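Student: Please pick one part of this model and go through it closely. Give the cut-offs of each term as you use it.

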Amino acid sequence: MDGVTVIDHPLVQHKLTIMRRKETSTASFRRLLREISTLLCYEVTRDLELTMETIETPLTEMQAPVLEGKKLVFASILRAGNGLLEGMLELVPSARVSHVGVYRDHDTLQAVEYYFKAPESLDERLVIVVDPMLATGNSSIAAVDKLKERGARNLRFLCLLAAPEGVKNFVEAHPDVPVYTASLDSHLNEKGYIVPGLGDAGDRMYGTK
Ligand code: URA
C-alpha cells in the first residue's frame with residue numbers, strides 16, 4: 001500500500017507473534033512491547049539527517065556525525081501509545097514527549113481533544129506519532145490534526161498493527177505523513193477490532209480486562 005512501510009525485520013515479526021497469542025500474559029506482553037518498540041524506533045529513524053561535528057578522541061581530533069536539528073518528539077496517543085514510549089526513549093533518551101488525548105464524537109464526527117501537551121517549536125522538529133493500533137484511523141487522524149494545528153510540519157506515524165481501512169483513511173487525510181507498521185493485517189471487524197490483530201492493546205498492556 002502506498003504511504004506504508006511494513007517493518008519486516010525477523011525479530012520484530014517473532015516478537016509480534018508472541019504478543020498476538022491470547023495466552024501471553026500481561027507481563028510478557030508489556031516486556032515484548034518495550035522490546036519491539038525499540039526495534040520499530042530504530043527503523044523509523046534510520047534516515048535521519050546527520051551533521052558533522054569536530055570532536056577529540058583520546059588519540060586525535062576528528063569530524064564525527066551527530067543528529068542534525070532540534071530534538072525529536074515522540075507524540076503518544078493516549079492511552080495505548082504510552083506502551084510504545086518506554087522502548088523508544090531508551091533508544092533516544094533526549095527525545096521530547098507529547099501526549100495527545102482525542103476521541104471522535106459519534107454524533108458530530110468531530111475530534112474532541114481532552115488532553116494535549118507538547119514541547120515548544122513543533123514546527124522545527126520531527127514528530128513521530130505513536131499508537132500501537134491503526135484501526136479505523138479516526139483517533140490517529142484527529143491526533144495528527146491537533147499536532148498540525150499546533151505547528152507540526154514534519155511527521156511520521158508509527159504503529160504495531162494496521163488495518164487496510166485505517167491506512168486508507170489516514171493516508172487520505174494526511175498524505176504527507178508516512179506510516180510505519182510491523183504488520184498490515186486483514187481487516188476490521190464490525191466492532192472496529194483489527195483481525196487477526198491482538199485484541200485491545202491497552203487492556204493487554206495494562207491488564208484492565
Ligand atoms: N484498538 C485496539 O486496541 N485493538 C484493535 O484491534 C483496534 C483498536
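**The ligand site and a residue behind it**

Tutor: D185 is buried because its relative accessible area is 7% (buried is under 20%, exposed over 50%, partly exposed in between, with a 1.4 Å probe and protein chains only). The model is predicted, so local features need pLDDT of at least 70 and side-chain atom pairs pLDDT 80 or more, while totals for chains, interfaces and linings use all residues. Residues are numbered from 1 along each chain as its sequence is written, and side-chain values use heavy atoms, leaving out hydrogens and water.

D185 sits in the loop that joins β10 (179-184) to β11 (187-188); strands are DSSP runs of E with at least two residues, helices runs of H or I with at least four, numbered from the N terminus. Its side chain comes to 2.9 Å from the backbone nitrogen of G197. Neighbours within four places in sequence aside, the contacts of D185 (heavy atoms within 4.5 Å) are R20, L161, A162, P164, I194, V195, P196 and G197.

One of those partners, I194, leads to the ligand. I194 belongs to strand β12, residues 194-195, and counts as buried because its relative accessible area is 7%. Again without neighbours within four places in sequence, I194 touches M133, L134, A135, L161, A162, A163, D185, H187 and L188. L161 and A162 thus appear in the contact lists of both D185 and I194.

Around the ligand are M133, A135, G192, Y193, I194, G199, D200 and A201 (a heavy atom within 4 Å). Backbone atoms supply three polar contacts (N or O pairs within 3.5 Å). A backbone N or O atom of I194 is 2.8 Å from a ligand oxygen. For G199, a backbone N or O atom is 2.8 Å from a ligand nitrogen. A polar backbone atom of A201 lies 2.7 Å from an oxygen of the ligand. Of the 240 Å² of accessible area that the ligand has on its own, the protein covers 82% (Shrake-Rupley method, 1.4 Å probe).

G199 is placed in the loop between β12 and α6 (201-206). With a relative accessible area of 32%, G199 is partly exposed, whereas I194 is buried. Beyond neighbours within four places in sequence, G199 is in contact with M133 and Y193, and both M133 and Y193 are also among the residues around the ligand.

As for the record, an unreviewed UniProt entry lists I194, G199, D200 and A201 under "binding site"; such annotations may be inferred rather than shown by experiment. Those four residues also appear among the residues surrounding the ligand in this model.

Conventions. Polar contact = N/O pair within 3.5 Å; in protein donor to acceptor, adjacent residues only side chain to side chain.
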